[in-house]
Amino acid sequence: MRHRLLALLEHGARRLGIDPHQYWHLLRVSLLLDFRRQNALSSGQSTPSALLTTCLVYGIFSLLLALFTFRVLDLFHYSLIFLSYSMLMIAFIVLSEFGATIVSPDDYEILGHRPITSRTYFAVKLSNLLFYILMIGSALNVFPAFLGAFSESAERLFPLIYFPVALLACLFSAMLVVLLYGALLRVINYEKFKDALVYVQIAFSFLVLFGYQVILRAMPYWEQEATAGSRRAILIMPPGWFAGLVQVGLGHWERDFVLWAGWSMLMTGFLVGAGLRSFSLEYSFHLARLRAATAERRRARSPFRRRMARALERLLARSPEERAAFYFVRRMLRRDRTLKLRLYPALGFPIAFVVLGILEKGLTDPFLPSKRFPSVAFFMVLVGPLLVLNFHALLPYSSEHAAAWLFRVTPVRDLVRFFAGVKKAFLVALILPLFLLIGAALSWFWTPWHAFLHAALGFALSYIFLGIAFLFYRGGFPFSQEPMKMTQTRQMTLTFLCLPLFGAFFFLFYMLYKYAEGPFLALGLFLLLGWILNRAADQRAARATRAQQELEGGVLEWFDDLS
Amino acid sequence: MIEVVNLTKQYDGVLAVDHISFTIAQGEIVGYLGPNGAGKSTTVKMLTGILRPTEGSIAIDGLDLLKDPIEVKRRIGYVPETGGLYESLTAYEYLHLVGRLYHLPEEVLDHRVEEFLKLFGLQSFMHERLSSYSKGMKQKVLISAALLHNPKVLFLDEPLTGLDAHSALLLKELLRRLAAEGKTIFYCSHILDVVERTCTRVIIIHKGRIVADGTVEQLKELTRQGTLEDVFKQLTYSSDIEELAQAFARSILGMEG
């Protein structure tokens, strides 16, 4: 029986143009490689542990969300919420973590000259991706599926129907992103492709972060539509199609549900088919195009801008080490796509928050008597500390990590000043522009003086956070470690877990703004505290990096002894 | 065995390889020389099916590479200049993966992997990850991977990089033996004296075009030069090397003052 099934699968694979023998060995190796990539010096940050943490955190998030909603919403809206959440998260994870899985020119360097068909290669890549989608998709949906059985309109069959549909929806979402990659590759070269991906990912970050605001505002409308007997507006949203499929699975054969269910199946079939057929047939050709990509030509800076940049460096960075770090980190903040992707969307937040503030009608000037403190203005300020936490999490990693040998051979004597330079570069390149933007955005609603005072407080708060974050720095030179699948998502997720801590700061700001001198006093205190913390953090980061260098030296000596 | 006609590669309007044509017979060892950026690696990548040519045709063992890439790839072995290894795998695992991609029977594969690693002196390291290997050891694994399936044509891009003197001698001798057995070898290198000693024929490429094609003796005669190095200097217009070196030295020593 087992042999017959295997023979059947092999026959099917061959008919699709996939070599089952090669497929199996390549898939096994691709997963083996993912699970083995672990930096000996990065405190066990391997893909398996990162995947496990991410699944755990997503599972807990889903459980909490399910606990809040399962007794409130009917099964249709309950499914809709969780399917939307899962699909968005999956698309986001695929976009941010699996770019190299889907499109990997390095892989092609190793396998390009071997007799592997495009379809076999693509099937391997897709299967690798699906493995992660299945794991994360399960983590996102297992608790909602179970709790759904005890919902308001409880149906015992719900978990059995919902769970596979949710995985199908995750597959749909992932395939959509895969096809987006494919479409982009057809029209542009690799350098532009990578840039385009960053912009797509930035747009997507906004969708994830602010999309829920739209959903929350649209929910009453949908419910109203639903009671009026028409849910057609949901047809435009893919999660709605799959929510319809859940309803059909539960035996609710209403015309709209059947229509959505059919549409969801049709579209998933189309996406998987399109991915496997047209794209995969030309996969190696697209990868060859990637190899053909030439280096980006950049215009040289004008002499005036060069002089200004030098003057800024000399003003802010005192020692050569500090200047070198300042220059290096500023360059990387402008050029490294991962950093751009993870950090720069924050500069759009002030504008997004202003829009939210207008929608909430809550952007009143808190410095004026008898005005309440606008929560939107507080959240704007919190973008700074969030950026700090992200920067701290991303700093050790880069796809250009191999170039870090430079730090091991150059005599970086003053590591304390080196880390001071790293942090100053971040403050100048991101935190300062962010709070200038916040000041400018709030000036539209408040007195400019009040707006910039509020922004200055935010800057000082971020400065404190920068010090605190680097007190926990694990050591290592910037951008010196290989980024591994899921580790960044895990760190970002852990960062979001810190959000409840910000409640304390909200209260602090609320109290400060009650008194006229409060903000000024706080600004002075924050800056002083920030300075002390940052001095201590530089010492700590330097010590940790030195310890890591010694460990590395020890390992190398050990290898030398061995050989 | 290898027939290249009007092969061209253009990147964003820049001609990396400009309408080159040559034929290589079975059993020949052809040295492919050129200065940095001349188009050597681009040519090899096109010949191995990694890059698609903008124009022209490539036939290997009578098969059109563009029409039947999988069959052509079964017949070739390639040692790339850089990269080319999954460093999280061990040498044993990597070579097994490569062998399985060529559908080698397991018992043949086991035997060959162990034998190759033994011949290159890597047997005691075969279960260690490639990331812990030295440059030379990695190069030996790459060479083993290229030879594992007994290809008819071998493409080597700077194969001696990182190899110790003993291994380099071994490889040069191996290439001669393989050529004598009828294998065709396309040898891409910067090291002129190795090419001079190993190759039966030399093709020199400069700015994407072939500027010389013949035996070392023919080229020496043609350019009236004593060594291949002098031939190369003359054909690739880099005879101002002494001046350049002097300017460099002046610049470095100037820093001391």
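**Exercise 1. State how many bridges join β3(B) to strand β9 of chain B, and in which sense the two strands run.**

Solution. Four bridges join β3(B) to β9(B), residues 201–206, and the two strands run parallel. This and everything below refers to a predicted model. One residue pair that can be located across these two strands is Val30(B), which stands opposite Arg201(B) in β9(B).

**Exercise 2. Find how β3 pairs with β8 in chain B, then place both strands in their sheet.**

Solution. Step one: β3(B), residues 29–33, and β8(B), residues 184–188, pair in the parallel sense over four bridges. Within β8(B), Tyr187(B) is the bridge partner of Gly31(B).

Step two: the sheet is open and has six strands, in the order β6-β7-β8-β3-β9-β10 of chain B. In that order β3(B) stands between β8(B) and β9(B). The pairing in the sheet as a whole is mixed.

Step three: β6 (76–79) and β10 (209–214) of chain B are at the edges; each has a single partner strand, so one side of each is left without a neighbour in the sheet. Neighbouring strands of the sheet are turned by 15° against each other on average, with direction ignored.

**Exercise 3. Decide whether the residues of β3(B) are buried or exposed, and sort them by face.**

Solution. The cut-off for a buried residue is 20 or more other C-beta atoms within 10 Å of its own. Five of the five residues of β3(B) are buried. On one side of the strand are Ile29(B), Gly31(B) and Leu33(B), and on the other are Val30(B) and Tyr32(B). Both faces are therefore covered, since the residues on each are all buried.

A helix also belongs in this picture. α6(B) lies across β3, β7 and β8 of chain B, and runs at about 145° to β8(B).

**Exercise 4. Describe the four-stranded sheet of chain B and name its edge strands.**

Solution. The order is β2-β1-β4-β5 in chain B; the sheet is open and its pairing is antiparallel. The edge strands are β2 (14–24) and β5 (63–64) of chain B, each of which pairs on one side only. Inside the sheet, β1(B), residues 2–11, is joined to β4(B), residues 55–60, by five bridges, and these strands run antiparallel. Thr8(B) has Glu55(B) as its bridge partner in β4(B).

**Exercise 5. For His103(B) and Glu158(B), give the sign of phi, the location and the exposure class.**

Solution. His103(B) has a positive phi, near 60°, and is not a glycine. This residue is in the loop between α3 (91–101) and α4 (106–119) of chain B. Because His103(B) has 13 C-beta neighbours inside 10 Å, it counts as partly exposed.

Glu158(B) likewise has a positive phi, about 50°, without being a glycine. Its loop lies between β7 (153–157) and α6 (165–180) of chain B. Glu158(B) has 19 C-beta neighbours inside 10 Å, so it too counts as partly exposed.

**Exercise 6. Work out how many residues each chain gives to the contact between A and B, and what makes up the side of chain A.**

Solution. Chain A gives 22 residues and chain B gives 25 residues. On the side of chain A, the elements that give two or more residues are α2 (20–36), α6 (105–111) and α12 (283–291). The largest share, six residues, comes from α2(A). By class, this side of chain A has nine nonpolar, seven polar and six charged residues.

How values were computed:
Residues numbered from 1 in each chain as written. Chains lettered and ligands numbered in written order. Predicted model: local features only at pLDDT ≥ 70, side-chain atom pairs only at ≥ 80, totals over all residues. Contact = placed C-beta atoms within 7 Å. Nonpolar A, V, L, I, M, F, W, Y, C, P; charged D, E, K, R; others polar. Pairing = 2+ DSSP bridges. Buried ≥ 20, exposed ≤ 12 C-beta atoms within 10 Å, placed from the backbone. Axes fitted to C-alpha atoms, helices over the stretch in contact; angles between N-to-C directions.
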